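Morning, everyone. Let me put the model up on the screen, and then I'll walk you through a few spots in it.

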Amino acid sequence: MKADRAGTKRDGRWLGLYVLAYLVFLYLPVLLIPLFSFNDSIQAAFPLQGFTLQWYATLYGNPALSGALLNSLVIGAIAASGATLCGITVSYMDLYGRSPLAATISAIARLPILIPGVIVGISLLILINLIGLGPSRVAIVLGHILVALPTTVVVMRSRFAAIPRTVREAALDLGASDWTTFRRIMLPLSLPAVLSAFMLAFLISFDEFIVVFFLAGTEPTLPLYIWSQLRFPRSLPTVMALGTVILAASFIIAGTAEILRHRGLGAARRNPA
């Protein structure tokens, strides 16, 4: 027994060290961006030269940056709305449609998450050129809906699945139509997940680079603007300051979305009706 207990402790210690090493490898490079964004030097190197906020001050009054940010916000809001609406429809029909076609569509909708972004970008570029759209905002929105759709389907499907089927069956037995049941019962119960799916889809669209690289026209999004600035060494501190702001906003949005998702699932378990 003592030997088994000692072996368990040893295995737990090695597992803890592995997790710690994994977290350091994963997040240390990310944490260096905020660190160097306050460094009073254009060189991202140690030792640090001093503390400064001048790189954050350069973010204001930059028309190119403002235009790229506005493009990302508009495209993100539209793409997130479209992806969330499609995710609600696909996931609901998958669970309650009683059709092999609905299950097939749901599987196809989740497939883009397994396809490399470069392949998706090239395919979309060929498609929009064939239909005459060309690189444009509309093309970016369509590409972002495709990229964000798997996330919204997964979030909404898990939420609909957490609602007991007896709730929907009771509504149908009382004479409500499928549309009325969905609109007045299933959708209100799923509202936290809808907000979570929208926020995650917006975050995916806002941070997406590969698809935008192929589909962008004359109006770049924020990731493309950052990519263009990396060619100039003197712009690196400003890029790191901008990256720090984006990181903070991304963590807030992702954290809020996760809280909403868990709150919705918890409410379904406590009070399914």
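I'll go through the domains, then the salt bridges, then some buried residues, and finish with a surface patch.

Quick housekeeping. This is a predicted model, so local features need pLDDT of at least 70 and side-chain atom pairs count only at pLDDT 80 or more, while totals for chains, interfaces and linings use all residues. Residues are numbered from 1 along each chain as its sequence is written, and side-chain values use heavy atoms, with hydrogens and water left out.

Okay, domains. The chain is split into domain 1, residues 1–31, and domain 2, residues 63–270; those bounds come from an automatic or database domain assignment. Taken over C-alpha atoms, the two centres sit 35 Å apart.

On to the salt bridges. What I'm calling a salt bridge is a side-chain nitrogen of Lys or Arg within 4 Å of a carboxyl oxygen of Asp or Glu. By that rule we get three.

Start at D94. R110 pairs with D94 through a salt bridge, N to O, at 4.0 Å. That one ties together distant parts of the chain: R110 is in the loop between helix 4 (100–109) and helix 5 (117–130), D94 is in helix 3 (residues 63–96), and they are 16 residues apart. When I say helix, I mean a DSSP run of H or I with at least four residues, numbered from the N terminus.

How exposed are these two? Here buried means under 20% relative accessible area, exposed means over 50%, and partly exposed is in between, with a 1.4 Å probe and protein chains only. D94 comes out buried at 15%, and R110 is partly exposed at 29%.

Now the second partner. R157 also makes a salt bridge to D94, at 2.6 Å from N to O. Again this joins distant parts of the chain, with R157 in helix 6 (residues 137–162), D94 in helix 3, and their positions 63 residues apart. R157 is partly exposed, at 28% relative accessible area. Put together, D94, R110 and R157 form a network of salt bridges.

Which residue does R168 pair with in a salt bridge? The partner is D178, with the closest N and O atoms 3.3 Å apart. Here the link runs from R168 in helix 7 (residues 165–173) to D178 in helix 8 (residues 178–189), ten residues along, and the pair is another that links distant parts of the chain. Is R168 buried or exposed? R168 counts as buried because its relative accessibility is 5%, while D178 is partly exposed at 47%.

R168 has other company, too. Setting aside residues up to four places away in sequence, R168 touches Y92, Y96, R98, D178, T181 and M186, where contact means heavy atoms within 4.5 Å.

Next stop, S37. This serine is in helix 1, residues 2–37, and S37 counts as buried because its relative accessible area is 0%. So what does S37 touch, leaving aside neighbours within four places in sequence? The list is T52, W55, Y56, M240, A241 and T244. For W55, the C-alpha atoms are 6.9 Å apart, with 18 residues separating the two along the chain.

The S37 side chain also has polar contacts. That term means a pair of N or O atoms within 3.5 Å; within protein, one must be able to donate a hydrogen and the other to accept it, and residues adjacent in sequence count only if both atoms are side-chain atoms. One goes to the side chain of Y56, at 2.7 Å. Another goes to the side chain of T244, at 3.4 Å.

Let me add T238, which is in helix 12, residues 236–270. T238 is buried at 19% relative accessibility. With residues up to four places away left out, T238 touches W55, T58 and L59. So W55 shows up in the contacts of S37 and in those of T238.

Last thing, the surface. There's a nonpolar patch of about 880 Å², with V118, I122, I126, L127 and I210 among its residues. Patch residues have over 30% relative accessible area and no salt bridge; like charges are joined within 9 Å, and nonpolar side chains (Val, Leu, Ile, Met, Phe, Trp, Tyr) within 5 Å. The areas are Shrake-Rupley values with a 1.4 Å probe, and for residues only the protein chains shown count as cover.

Which element gives the most to the patch? Helix 5 does, with five residues. V138, another patch member, is in helix 6 and is partly exposed at 46%.

Notes: Helices (H or I, at least four residues) and strands (E, at least two) are DSSP runs, numbered from the N terminus.
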